[in-house]
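Reader: Could you walk me through this one with me? I'd like to start with the aromatic residues and then move around the fold.

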Amino acid sequence: MSITRHQPGKRMSMSVVHGNTVYLAGQVATDYNGTIEKQTSEVLEAIDKLLAEAGTSKSKVLFCQVILNNIADFAAMNTVYDAWIDPANPPARACIEARLAHPSLKVEIIAIAAKD
């Protein structure tokens, strides 16, 4: 099976396609000062773009891992996430609290999707 790396960088690729599976790197917002809702929206927009680049879409997401820097933001993050997911095809999901790469980041999301 072939491996295709999209947007490869020094430390990671933004996505890697292996066979019919797409693995996305953790996505964070570009606006570090945004609210949890704004940051979640930015992250999900980035995920949509990466999925499209890899030839798939959110309806084919198999798994998401949501990382919050403050679990108190869980409900607010879910308001944005719930509006984004395809209700006919909700992925498996985990949500944890952890420190992120920058103290102003509120959310990071990692996703795995099918291509076909």
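**Aromatic residues and the fold**

Author: A search of the whole structure, which is a predicted model, finds one aromatic pair.

Reader: Which rings form the pair, and how are their planes set?

Author: The rings belong to Tyr-81 and Trp-84, with centres 5.9 Å apart and planes at 50°, so the pair is tilted. A pair counts as tilted when the planes are neither under 30 degrees apart nor over 60.

Reader: And where do Tyr-81 and Trp-84 lie?

Author: Both are in helix 2, which covers residues 74-84, and they are three residues apart, about one turn of the helix. In an α-helix there are 3.6 residues a turn, so residues three or four places apart point the same way.

Reader: Are those two buried or exposed?

Author: Tyr-81 and Trp-84 are both buried. The buried residues of helix 2 also include Ala-76, Met-77, Asn-78 and Val-80.

Reader: What does that buried set pack against?

Author: The buried residues of helix 2 pack against helix 1, and also against strand 5 (61-68), strand 6 (92-97) and strand 7 (107-114).

Reader: Let's step back, then. What is the order of helices and strands along the chain?

Author: The protein chain has two helices and seven strands, and read along the sequence they follow the pattern β-β-β-β-α-β-α-β-β. With a radius of gyration of 14 Å, close to the 13 Å that the globule rule gives for 116 residues, the chain is as compact as a globular protein of that length.

Reader: What does the C-alpha trace span, and what share of the residues is buried?

Author: Along its principal axes the C-alpha trace spans about 40 × 35 × 20 Å, and buried residues make up 40% of the 116 residues. Among contacts with a separation of 6 or more, 69% are accounted for by residues 24 or more positions apart.

Reader: How about the surface, what supplies it?

Author: The protein chain exposes about 6400 Å², and carbon and sulfur atoms supply 54% of that area. As for charge, there are 11 positive and 12 negative side chains, and the centres of the two sets lie 8 Å apart.

Reader: Changing topic: what does Gln-27 touch?

Author: Gln-27, which is found in strand 4 (residues 27-28), touches Met-14, Val-43, Ala-46, Ile-47, Leu-50, Val-107, Glu-108 and Ile-109, leaving aside residues up to four places away in sequence. Its relative accessibility is 7%, so Gln-27 counts as buried.

Reader: There's a glutamate I'm curious about too. Is Glu-42 buried or exposed?

Author: Glu-42 counts as buried because its relative accessibility is 15%, and the cut-off for buried is under 20%. Glu-42 sits in helix 1 (residues 36-53), and beyond residues up to four places away in sequence it touches Ala-29, Thr-30 and Asp-31.

Reader: Last one, the backbone. What is the phi of Gln-7?

Author: Phi of Gln-7 is near 50°, a positive value in a residue other than glycine. Most residues other than glycine have a negative phi.

Reader: Where does Gln-7 lie, and is it buried, exposed or partly exposed?

Author: Gln-7 lies in strand 1, which covers residues 3-8, and with a relative accessibility of 44% Gln-7 counts as partly exposed.

Technical notes:
Residues numbered from 1 in each chain as written. Predicted model: local features only at pLDDT ≥ 70, side-chain atom pairs only at ≥ 80, totals over all residues. Heavy atoms only, no water. Helix = DSSP H or I, 4+ residues; strand = E, 2+ residues; numbered from the N terminus. Rg over C-alpha atoms; globule rule 2.2 N^0.38 Å. Buried < 20%, exposed > 50% of the residue type's maximum accessible area, 1.4 Å probe, protein only. Contact = heavy atoms within 4.5 Å. Areas by Shrake-Rupley, 256 points an atom, 1.4 Å probe, with all protein chains shown as cover. Lys, Arg positive; Asp, Glu negative; His and termini not counted. Charge placed at Lys NZ, Arg CZ, Asp CG, Glu CD. Phe/Tyr/Trp six-rings, centres within 6.5 Å; stacked < 30°, edge-to-face > 60°.
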